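Student: Could you take me on a close look at the nonpolar core of this protein? I would like to see how it fits into the whole fold.

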Amino acid sequence: MKVTVDEDRCRGHGMCLTLCPEVFQMTDDGYAIADPAEVPGGLEESAKDAIANCPEQAILEIS
Ligand code: F3S
């Protein structure tokens, strides 16, 4: 499973960092990035929670 954050949609709400801090990081600009883009094994559910709870629908599953 791979995820990416659409930088045009992200408004820095931060739910993704709370729900899956192993994958989502906040940049100095206050927006999220997915690093690593490949979700480590066992964290898929957390990553899906982050996708479902982003108010801007900014997180996309890319594979
Ligand atoms: Fe951005 Fe959504 Fe996370 S707005 S900071 S990707 S919860």
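Tutor: Let's start with the order of the elements: from the N terminus on, they run β-α-β-β-α-β. That makes two helices and four strands in this predicted model. The radius of gyration is 10 Å, close to the 11 Å that the globule rule gives for 63 residues, so the protein is as compact as a globular protein of that length. If you turn the C-alpha trace along its principal axes, you will find that it spans about 30 × 20 × 20 Å.

Now look at how the chain meets itself. Take the contacts between residues at least 6 apart in sequence: 58% of them join residues at least 24 apart. Buried residues, meaning those under 20% relative accessible area, make up 30% of the 63 residues.

This brings us to the part you asked about. The largest nonpolar core has 17 residues. Within this core, the residues with the most contacts are Val3, Val5, Val23, Phe24, Val39 and Ile59. Three elements each supply at least two of the core residues: β1 (3–5), β3 (32–34) and α2 (44–53).

Val23 is a good residue to zoom in on. Leaving out residues up to four places away in sequence, Val23 touches Val3, Ile33, Ala34, Asp35, Pro36, Val39 and Pro40. Two of these partners, Val3 and Val39, are also on the list of core residues with the most contacts.

Another two partners of Val23, Asp35 and Pro36, deserve a second glance. The peptide bond from Asp35 to Pro36 is cis, with omega near 10°. You can find Pro36 in the loop between β3 and α2, and both of those elements contribute to the core.

Follow the chain past α2 and you come to another loop, the one leading to β4 (59–61), where Gln57 sits. Gln57 is not a glycine, yet its phi is positive, at about 50°. With a relative accessible area of 54%, Gln57 is exposed. Ile59, by contrast, belongs to the core, where residues are buried.

Finally, step back to the outside. The accessible surface comes to about 3,900 Å², and 45% of it belongs to carbon and sulfur atoms. As for charge, the protein has 4 positive and 13 negative side chains, and the centres of the two sets lie 6 Å apart.

Definitions and conventions:
Residues numbered from 1 in each chain as written. Predicted model: local features only at pLDDT ≥ 70, side-chain atom pairs only at ≥ 80, totals over all residues. Heavy atoms only, no water. Rg over C-alpha atoms; globule rule 2.2 N^0.38 Å. Buried < 20%, exposed > 50% of the residue type's maximum accessible area, 1.4 Å probe, protein only. Contact = heavy atoms within 4.5 Å. Areas by Shrake-Rupley, 256 points an atom, 1.4 Å probe, with all protein chains shown as cover. Lys, Arg positive; Asp, Glu negative; His and termini not counted. Charge placed at Lys NZ, Arg CZ, Asp CG, Glu CD. Core = buried A, V, L, I, M, F, W, Y, C linked by side-chain atoms within 4.5 Å.
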